[in-house]
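Me: I am new to this structure and would like a close look at a single part. Please take me through one helix and its surroundings, step by step.

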Amino acid sequence: KIKKYKKAITILEKILVELSPKTGKTEYLLGLIYLDIGQSDLGCDYLRKAKTKGFSFPEAILKQFCEIE
């Protein structure tokens with residue numbers, strides 16, 4: 001939330017590639033960042049991936065910002 005989005009995205013995407021975490025937290029954080037910078041398609045994709053991996057977050061986020069399939 002300190003507006004260093006590019007740096008955060010770089011770090012989080014590196015984590016995904018190099019460590020392949022299984023929790024979905026990285027995807028969740030990327031989703032929130034992308035929503036915050038106005039890239040809702042990419043943000044929603046990451047949020048759906050987080051949900052698929054079992055990361056628990058309020059369903060209201062998906063309902064408010066993403067079309068739920």
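Reply: Helices here are DSSP runs of at least four residues, numbered from the N terminus, and on that basis Lys51 lies in helix 3, while Glu27 is found in helix 2. The model is a predicted one, and the part to look at closely is helix 2.

Helix 2 covers residues 25-36, and because its 12 residues at 1.5 Å a residue should span 16 Å, the 17 Å between its end C-alpha atoms agrees with that expectation. Along this helix, Thr26, Glu27, Tyr28, Leu30, Gly31, Ile33, Tyr34 and Leu35 are buried, and the buried residues of helix 2 pack against helix 1 (5-19), helix 3 (40-52) and helix 4 (59-65). After helix 2 comes Gly38, which has a positive phi, near 85 degrees.

Glu27 deserves a separate look: its relative accessible area is 3%, so it counts as buried, the cut-off being under 20%. Leaving aside neighbours within four places in sequence, Glu27 is in contact with Leu16, Tyr46, Leu47, Lys49, Ala50 and Lys53.

Lys51 can be set beside Glu27, since the two are 24 residues apart along the chain and their C-alpha atoms are separated by 8.9 Å. With 32% relative accessibility, Lys51 counts as partly exposed, because that value falls between 20% and 50%. Again leaving aside neighbours within four places in sequence, the contacts of Lys51 are with Phe57, Glu59 and Leu62.

Technical notes. Residues numbered from 1 in each chain as written. Predicted model: local features only at pLDDT ≥ 70, side-chain atom pairs only at ≥ 80, totals over all residues. Heavy atoms only, no water. Helix = DSSP H or I, 4+ residues; strand = E, 2+ residues; numbered from the N terminus. Expected span 1.5 Å × (residues − 1). Buried < 20%, exposed > 50% of the residue type's maximum accessible area, 1.4 Å probe, protein only. Contact = heavy atoms within 4.5 Å.
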